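Welcome! Have a look at the model below, and then we can explore it together.

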Amino acid sequence: MTEELEQILSQLTQPDNAIIQQATAQLKQAFKDPAIIPGLCAVMSGSQNPQIRQSAAVMLRLRVKKHWKKISPNDRESLKAVVLQAFMQETEHTVQHSLSQLCAVMVKHETPDRWPALLQLLNQSTKSSNPHDRQVGLLLLNKVIESNPEPFKPHYCQLLQLLRSVLEDHNNPTALYYCILTLTAITAFIGTEEMHLMRSILPNLIVALKCLIKADQNQASEAMEVFNELMESEVSVIVPHVADVVRFFLEVGSDTNLSDSLRVKALSCVTFLIKLKSKTVLKQKLLSPILQAIFPVLTAAPPPGEQDPEDEEHDSGDGTDNESPKHCAAQIIDTMALHMPPEKLFQQLMPLTQTCLASENPYQRKGGLMCLAVLAEGCADHIRTKILKSVLQTVCQSLSDSSEVVRSAGLFALGQFSEHLQPEVSTYCSELMPLLLGYLSSLNQAKVGHVTKAFYALENFMENLGADIEPYLPTLMETMLSALNNTDNLKIKELAVSAIGAIANAAKELLVPYFTPVIESLKGFLTTTTEEMRSLQTQSLDTLSVLARTIGKDVFSPLAAECVQLGLNLTNTIDDPDLRRCTYSLYSAVSIVTPDCLTPHLTAITTVMLYALKSSEGVTAHLEEDKAFVLLDDDDDENDEKDTEIFLEDDKGTDIHDVAGFSVENAYIDEKEDACEALGEIAFNAGCSILSYFSPQFPHEDVRRAAFGAMGQFCRAQHKVWKENPTEANQQALLKLLDIVVPCFLETVRREPERHVVMGVLESMNSVIKSCKEEVFKNPSRLKEISHAIRDVLKKKTPCQDSGGDEADDEDQQAEYDAMLQEFAGEGIPLVAASVPADNFFPFLNDLLPFIMNKAKSSCTVADRSFSVGTIAEILHALMSVSGGRGVAGRLSNRLLPVLVAGAKDSDPEVRNNSVFGLGCLAQAAGPIVVSDYPMMLSVFSNLLSKESDLRVIDNLCAALCRMIMSNVDAVPLEQVLPALVARLPLKEDQEENNTVFSCLAMLYTHSPALVQSKPHLHLFTFPIHNISVALMQKFAQNHSAEFQAAVTSLPAEQRDSLSAAITAS
């Protein structure tokens, strides 16, 4: 089979479609042979052609990923040995890369500890004295850990020590590269044990990156991601070295000999650090060094014969230029403005800015104006109240500068001031409007890029003038209508249309005299379908929406139906996300004026919007580097009729694990955002009539699922409105909405054939019950209907669980879907329990519990056992807060206690964790009736505490003990339990249980103060600051000041300061 496979794989690399198709058919057959794994192994390790060896490795990886459980144990062990042998004898980097990815996938199934040969190889190769062996070992280490960071956590300390030594190997840049990528992969998972080691590595990391920059700037740019990861997940690692880190970023960002992408990466890190730790930056006196470093970047002239991106003729004029070092320098100042006190910032910044503004160099003057522009948002109050007149004067003077780049920067600054410095900036209307109108009229219309910037400034200023625009309206509208009628330049027409929208926002009904000619022009633009008109049409729809909202109902209503039809015609004939999103805004605007006009078209309108929300159009998957020629095999089923489809590189069915990343075009993001807003507004303005269009009748199940999700969101939104404004009308609106939505959910569960849709319905219904609680059950039949729907899913009695189909589906996949479906149903039980009186729910709960408890059997999967005891625990937790809950919990205790006790002894930590949580909730919910079971429960907890290593389980054991104490303090031997409890504080993983722990300790201090204060429990002071803990500490401080002060003094300075501040503040 080896020769046959090699021949097939060779043919698949040929530039001949006929040969490829023939080879594809042969490969389909080959994949039905159980010998496929040994055959691919032989090709991978024995072929003389590196491309074929790589193809074999990739095919094996895909096979292993999807079918590991179906590979025989002998083949698995053989594969584990062969892949490591092939890896060490391989000389081609691309093949080594694919082999390392194959190892990474295998580790997902085997775990590191079940593959000791891999650990041994990693250990030997990464510590080898041979530089090449170290490189290869670090490549393997990187791929394996990048794919599976968590299973390696027990080895992190050892791993960090290894990586620290590799970082000192400055003559081996490839080793440095893979070392830093590995550091990046584990950063999000490091714990307190590794924190000190990670801090000590940072200086070595900076030196290593400097070496890597000299060797390979592209690799260095990718490796710089380690700082973003550190700042996002463990910024405390950077803080002790923040000065050195910032200096490194600035050194790279300022070096004009380096690539723009590397400089951008470094400067972006400065921005992120300021956003996260602005106080540290100020405290370390880094503000001045940062400004001194970035101002030369901000004010640098472009190379001779070139322009900055924002000064090029095609720029949009709104300041959203491409990423460049200069753009990043402005972004740093923008971030400083948003995150630093203006007084401290301006003290350092304004002298530099004023020097630039007074310079003979136009790019220095431009830099000064850009600086003022980006300060406007973050320091608006400071500018408005202290320096507005002087900076406005500076900006206005720049409009007469001899340099166009300076004038452009002045226009951008004026636009930013107009947006962020309201209402004060509008008081300068009498000076600024004549200036802007005069400037616009003097421009050469052929220089469209600069005209665009002038329109940007004018629009932003006009939009907020309100009635003050009236004196300028004749001149403005004459200018705009002239542009619409007399110019051939489509961009100028587009700018004029946009400006009319801004004028309408300010003028409102004052624009009525100009309405007819404007509408006639817009109609003309909107009835054309040529490609070059697209941008103008988009802007025309935007302006039409503004006119609908502002011109007055009486004026616009006669045109409303025609406008809706215009929008529908456009979306039916043109596939463009920007155009579609503008139609959504138009429909929203029409729904304000005459919602009845939308009613005949709601089906068409909402279908388009829901497709937009669910669509993945505009999303690009970037494949791993070896996907240029890779073939992917589909899952086969367990029947004899196995079949394997082979997808070529452009197939849409690419496995998610083969994707290195995604990018999404902004136009599609904007479309989804506008669709969400429009759906909400249309629903509000059209009333509940829109909800009948969110039905399970859409042709595609994904769209149906999205529709049900939207319905749930509308219910939650209305509930929020009612809570914020609890009027009778708002409550009735909510109940009316629920009376439409919930029956629709339940009918879908009863009739829908697609599991995927029913899962979405159950998820949405759960979220509605969680938010709206008892309001869902105001209808007396609702409790029974929802309970029965949950029961039917748990009993597998719904149409979507029907096993009789025409297709021989993959049973594993179907079973997995079925289990997920049942989990969604089961998750609804505690939500219902928390929403209705317990006695009302008890008959239905009694009916549902056997289906949940059956999944707790030892023969069930870990997922089933965890789901079972977790659901029971959440039910008991819910009963704690509803009327009659204690009685119902007591009646259930004899049935539930054995299940939870068995779960507490389970081999899986998640099952133990859920069971321990459930036992604590049972004690608290059932109260006195389970006191007789306390000795047995305490014995179980004692045994578990003595050997438990999982931190989350230990945290929940502590919380469960606290629940038992609070429920019946006299039934717990505190002299024995309390020391064991306090010894395991503070909580390490489950911080949500701090409330339980502190409530218990506060109660004990009241109940048995001598017991709590018998020795100074310093654990208390290492807890996160918490209202109850602060109150407890205040009592300690008042009643036992000497002991308290001694304990506080012994704390680290940072904790001591936090504690003192919290106590003082309260």
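Here are some questions and answers about this predicted model.

Q: How many helices and how many strands are there in the protein chain?
A: Helices and strands are both present in this chain. The protein chain has 1066 residues, of which 53% count as buried. As for the count asked for, the chain holds 49 helices and four strands.

Q: Is helix H39 largely enclosed by the rest of the structure, or largely open?
A: Helix H39 covers residues 862-879, and its 26 Å from first to last C-alpha is close to the 26 Å expected at 1.5 Å a residue. Of its 18 residues, 14 are buried, so H39 is largely enclosed by the rest of the structure.

Q: What percentage of residues 896-934 is helix?
A: UniProt, in an unreviewed entry, lists these residues as "repeat: HEAT". In the model, the C-alpha atoms at the two ends of this stretch are 15 Å apart. Strand makes up 0% of the stretch, while the helix share is 72%.

Q: Why does Cys356 form no disulfide, and which cysteine has the closest sulfur?
A: A disulfide is a covalent bond between the sulfur atoms of two cysteines. Here a pair counts when the sulfur atoms lie within 2.5 Å. The closest cysteine sulfur to that of Cys356 is 7.8 Å away, too far for a bond, and belongs to Cys371.

Q: Is Cys356 buried or exposed?
A: Buried means under 20% relative accessible area. Cys211, at 21%, therefore counts as partly exposed. Cys356 has a relative accessible area of 5%, so Cys356 is buried.

Notes. Residues are numbered from 1 along each chain as its sequence is written. This is a predicted model: local features need pLDDT of at least 70, side-chain atom pairs count only at pLDDT 80 or more; totals for chains, interfaces and linings use all residues. Side-chain values use heavy atoms; hydrogens and water are left out. The expected span of a helix is 1.5 Å times one less than its number of residues. Buried means under 20% relative accessible area, exposed over 50%, partly exposed in between (1.4 Å probe, protein chains only). UniProt positions are given in the numbering used here, feature names are shortened, and annotations may be inferred rather than shown by experiment.
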